[in-house]
Amino acid sequence: MTDGTMQPMDIDDTPLYGPKGLLVCGLETETADALVSLVGQLGWGDLPIAFAGRDDLATPVGKLFTEQPNNREALGGVAVVMAGITGNQLQQLMKSWRENALPRTLWATLTETSETWPLGTLLKHLSEEQKEMAKAARRKR
């Protein structure tokens, strides 16, 4: 996403934009613990994981990567924003997420545009993109 729209990315060993870490929204404690375990199983035990909740919705996304909140609460949906990991790691994480039957989630990478958005704005945007992709998939059937 460079101008607020989804863009394809390269799946390689080039690090994504931003500080290395995950920003996770909407996971309750038990599922959050499962994610932390999964990250450890992938050999990334040193990967910072921030858990954002309702109190963080007005905070710029980039700031949440540096402040590392720990608000494990359900928000009516799950989103994972990734930064600083490689495209290959992104693919590994998404595949392992599905294989471990973690909840359906909205996936995003931090960009120069999204890092300045309040978290609530990014979540709304991701939800709208998901709805548009679902509509497009239904039209193709």
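**View 1. One helical turn sets the spacing between Glu67 and Lys63 in this predicted model.** Being four residues apart in helix 2 (residues 61-67), Glu67 and Lys63 are separated by about one helical turn. Their side chains come together in a salt bridge, with 3.5 Å from N to O. What is the exposure of each partner? Glu67 has 48% relative accessibility and counts as partly exposed. Lys63 is partly exposed too, at 42%. For the whole structure, the tally of salt bridges is six; two others get their own views below.

**View 2. Helix 3 carries a salt bridge between Lys95 and Glu99.** The N to O distance here is 3.7 Å. Again we're looking at residues four apart, about one helical turn, this time in helix 3 (residues 87-99). Lys95 is partly exposed at 46% relative accessibility, while Glu99, at 56%, counts as exposed.

**View 3. In helix 4, Lys135 pairs up with Glu132.** How many residues separate Lys135 and Glu132 in helix 4? The answer is three, about one turn of the helix, which spans residues 119-140. The salt bridge between their side chains has an N to O distance of 3.4 Å. Lys135 is partly exposed, with a relative accessible area of 37%, and Glu132 is partly exposed as well, at 45%.

**View 4. Gln68 has a positive phi without being a glycine.** The angle is about 55 degrees. To find Gln68, look in the loop between helix 2 and strand 3 (79-83). Gln68 is partly exposed, with 30% relative accessible area.

**View 5. Ala101 is another non-glycine residue with a positive phi.** Its phi is about 55 degrees. Where does Ala101 sit? This residue belongs to the loop between helix 3 and strand 4 (106-109). Is Ala101 buried or exposed? With 67% relative accessibility, Ala101 counts as exposed.

**View 6. Here is the model's one aromatic pair.** The partners are Trp97 and Trp107: their ring centres are 5.1 Å apart and their planes meet at 75 degrees, so the pair is edge-to-face. The cut-off behind that label is an angle over 60 degrees between the planes. This pair links distant parts of the chain, with Trp97 in helix 3 and Trp107 in strand 4, 10 residues apart. Trp97 is buried, with a relative accessible area of 3%. Trp107, on the other hand, is partly exposed at 23%.

**View 7. Arg72 places its charged end over the ring of Phe51.** The distance from that charged end to the ring centre is 4.2 Å. Keep an eye on Phe51, since the next two views come back to this residue: Phe51 is among the contacts of Leu35, and it also touches Asp56.

**View 8. The largest nonpolar core brings together 21 residues.** Which members touch the most other members of this core? They are Leu22, Val24, Leu27, Leu35 and Met82. Strand 1 (21-25), helix 1 (29-41), strand 2 (49-52), strand 3 and helix 3 each give two or more residues to this core. Apart from it lies another core, of 18 residues, including Leu23, Ala83, Trp117 and Leu126. Zoom in on Leu35 and, leaving out residues up to four places away in sequence, you'll find contacts with Val24, Leu27, Ile49, Phe51, Leu93 and Trp97. Trp97 is the buried ring from the aromatic pair in View 6.

**View 9. Asp56 is buried yet has no salt bridge.** This residue lies in the loop between strand 2 and helix 2. How far away is the nearest side chain of opposite charge? That side chain belongs to Lys63, and the distance is 9.4 Å. Lys63 is the residue that meets Glu67 in the salt bridge of View 1. What does Asp56 touch, then, beyond its neighbours within four places in sequence? The list is Phe51, Leu64, Pro69, Asn71 and Leu119. Of these, Phe51 is the residue whose ring has the charged end of Arg72 over it.

Key. Residues are numbered from 1 along each chain as its sequence is written. This is a predicted model: local features need pLDDT of at least 70, side-chain atom pairs count only at pLDDT 80 or more; totals for chains, interfaces and linings use all residues. Side-chain values use heavy atoms; hydrogens and water are left out. A salt bridge is a side-chain nitrogen of Lys or Arg within 4 Å of a carboxyl oxygen of Asp or Glu. Buried means under 20% relative accessible area, exposed over 50%, partly exposed in between (1.4 Å probe, protein chains only). Rings of Phe, Tyr and Trp (its six-membered ring) pair if their centres lie within 6.5 Å; planes under 30 degrees apart count as stacked, over 60 as edge-to-face and the rest as tilted. A charge sits over a ring if NZ of Lys or CZ of Arg is within 6 Å of the ring centre and within 35 degrees of the ring normal. A nonpolar core is a set of buried Ala, Val, Leu, Ile, Met, Phe, Trp, Tyr and Cys residues joined through side-chain atoms within 4.5 Å. Contact means heavy atoms within 4.5 Å. Lys and Arg count as positive and Asp and Glu as negative; His and the chain ends are not counted.
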